[in-house]
Amino acid sequence: MDRISNLPDEIICHIGSFLSAKEAAFTTVLAKKWRNLFTIIHKLHFDGSLKNGESFTDFVDGVLALPATSRVRNFSLKWFAHVKNDELINRCLCHVLKLGVMALELQINDKEGYSLPFEIFTCETVSELTLGYGFAIDILPANVFLPSLKTLSLYKVGFFEFGRCAFKTLLGACPLLEELTIRCLNWEHWRWSRVVSSPTLKRLTITRGGWSSFDASDFKSVSFETPSLAYLFYSDYVPKRYLNVDFSSLVEAKLHLCPEEHYNWDRTDTARFHPINLLNGLKDVESLNLCSIMSLDMFYVFREALPVFEKLLHISVALSNFCWYPLPLLIKKSPNLKTLTIDGRLHYRSFYYCPESTVCLCVSEYAFLLKCPLEILKITEYYGSLEELIQMKYILGKLSCLEL
């Protein structure tokens with residue numbers, strides 16, 4: 001008996017996880033004990049680089065050599081070559097899907113366009129699915145169904161099915177979906193697919209693909225039908241309106257929302273934009289992070305429609321060196337606020353004739369803090385300059401409930 005065979009089964013399986021697909025297939029003929037152990041392959045990964053002379057064709061041959069009794073837990077394929085290999089890629093994927101794959105990551109950049117095999121959208125075992133890079137999902141099979149999928153990540157993926165909300169259809173086919181991440185999103189191009197609808201979704205992350213070349217002419221509406229959502233990170237341009245917003249379970253929200261390109265919010269936007277449903281949807285949130293001054297400005301511009309945030313305990317704002325005029329409004333709308341985080345420096349006027357004139361008129365000597373139940377104040381960039389010390393004198397003199 002060789003030394004490796006004397007090792008515990010768990011260690012032998014861990015060793016096997018470092019083998020290539022072809023090597024894993026070969027080991028099944030070396031020892032009777034290994035046949036069952038190496039039928040479970042924890043991870044198969046190809047990142048486009050050549051290792052030990054193994055080409056992509058060699059990798060696929062190794063995958064196809066795996067017997068039907070094998071089980072692949074994690075499969076990752078990254079293909080950025082200029083040579084078109086759709087047929088080879090799809091043969092590989094279809095075989096892996098038959099081997100009980102649970103975590104599937106595909107990053108395929110094909111300049112001529114790439115279409116995923118329909119088998120991807122009917123896999124019963126995959127629980128984590130990551131798709132990218134730059135291709136579009138044009139059509140879904142009529143029997144689309146992913147009964148085990150809990151985590152879906154999309155990176156530079158578009159949905160362009162004519163006249164049908166393909167994205168909404170995909171989410172509707174995932175009855176256990178809990179986490180959705182969409183990165184490098186250009187939502188204005190998803191003409192029929194701007195509805196996030198899932199009764200089970202708990203975490204949602206949306207980040208824009210670029211803050212230039214924005215065409216708002218057809219960016220009319222977005223909807224969030226997510227009654228179980230607890231966490232939201234949303235960074236994008238704002239559409240003309242939010243048709244439906246269900247954030248009834250939302251606990252934490254992080255927002256970086258901008259109007260049109262190279263444009264700041266102002267009072268005339270009340271006639272051009274209608275984000276009221278989004279703002280009302282946030283009324284029960286407990287932690288609110290406004291990651292940019294433009295996000296805070298949106299709350300100020302639509303202040304007449306702003307709800308009272310009864311459950312809001314923590315506010316974090318990134319104000320840079322802009323005036324703080326929206327902040328008093330938000331604090332007054334948060335009667336139970338306990339923690340305020342200033343993500344940056346205190347705001348003050350640098351040119352002054354007496355110490356009191358360092359306090360900008362936008363905060364009116366911080367009088368808005370008198371009735372604030374704030375217990376914890378965090379300032380992430382505090383250097384103790386004379387100007388900052390003057391601001392702190394006013395702040396500490398107003399916050400009667402402050403503990404830290």
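Which strand gives the largest share of the lining of the second largest pocket? Select residues 179–185 in this predicted model, and you have strand β8, which supplies 4 residues to that lining and so answers the question of the largest share.

**The second largest pocket**

With β8 still highlighted, add K156, V157, G158, C184 and N186, which are the closest to the centre of the pocket among the 15 residues that line it. The space they help to enclose comes to about 240 Å³. If you colour the lining by residue character, you should find 8 nonpolar, 5 polar and 2 charged residues.

**The aromatic rings**

Next, show the side chains of F159, F167, W187, W190, F224, Y234, Y242 and F247, which ring pairs link into a cluster. Within this group, centre the view on W187 and W190, whose rings form an edge-to-face pair with 6.4 Å from centre to centre and 70° between the planes. Both W187 and W190 are buried, and their pair is one of 23 aromatic pairs counted in the model.

For another pair, move to Y366 and F368, where the rings are again 6.4 Å apart from centre to centre but the planes are at 40°, an arrangement that counts as tilted. Are these two residues buried or exposed? Y366 counts as buried because its relative accessibility is 1%, under the 20% cut-off, and F368 is likewise buried because its relative accessible area of 10% falls under that cut-off.

**Arginines over rings**

Now select R203 together with Y231, and turn the view until you look down on the tyrosine ring: R203 lies over the face of Y231, at 4.1 Å from the ring centre. A second example is found with R303 and Y300, where R303 lies over the ring face of Y300 at 4.2 Å from the centre of the ring.

**Helix α8**

Y300 leads directly to the last stop, helix α8, which spans residues 293–301 and is mostly covered, with 8 of its 9 residues buried. The buried residues to select are I293, M294, S295, L296, D297, M298, F299 and V301.

What covers these buried residues of α8? To see the surroundings, display strands β14 (252–258), β15 (287–290) and β16 (314–317) along with helices α7 (276–281) and α9 (326–332), which are among the elements that cover them. With these elements shown around α8, you can step along the helix from I293 to V301 and look at each buried side chain in turn.

Technical notes: Residues numbered from 1 in each chain as written. Predicted model: local features only at pLDDT ≥ 70, side-chain atom pairs only at ≥ 80, totals over all residues. Heavy atoms only, no water. 1 Å grid on protein atoms, 1.4 Å probe; cavity = no way out; pocket = protein on both sides within 12 Å on 5 of 7 lines; lining within 4 Å. Points joined across faces, edges and corners; volume = space filled by probe spheres on them. Helix = DSSP H or I, 4+ residues; strand = E, 2+ residues; numbered from the N terminus. Nonpolar A, V, L, I, M, F, W, Y, C, P; charged D, E, K, R; others polar. Phe/Tyr/Trp six-rings, centres within 6.5 Å; stacked < 30°, edge-to-face > 60°. Buried < 20%, exposed > 50% of the residue type's maximum accessible area, 1.4 Å probe, protein only. Lys NZ or Arg CZ within 6 Å of the ring centre and 35° of its normal. Contact = heavy atoms within 4.5 Å.
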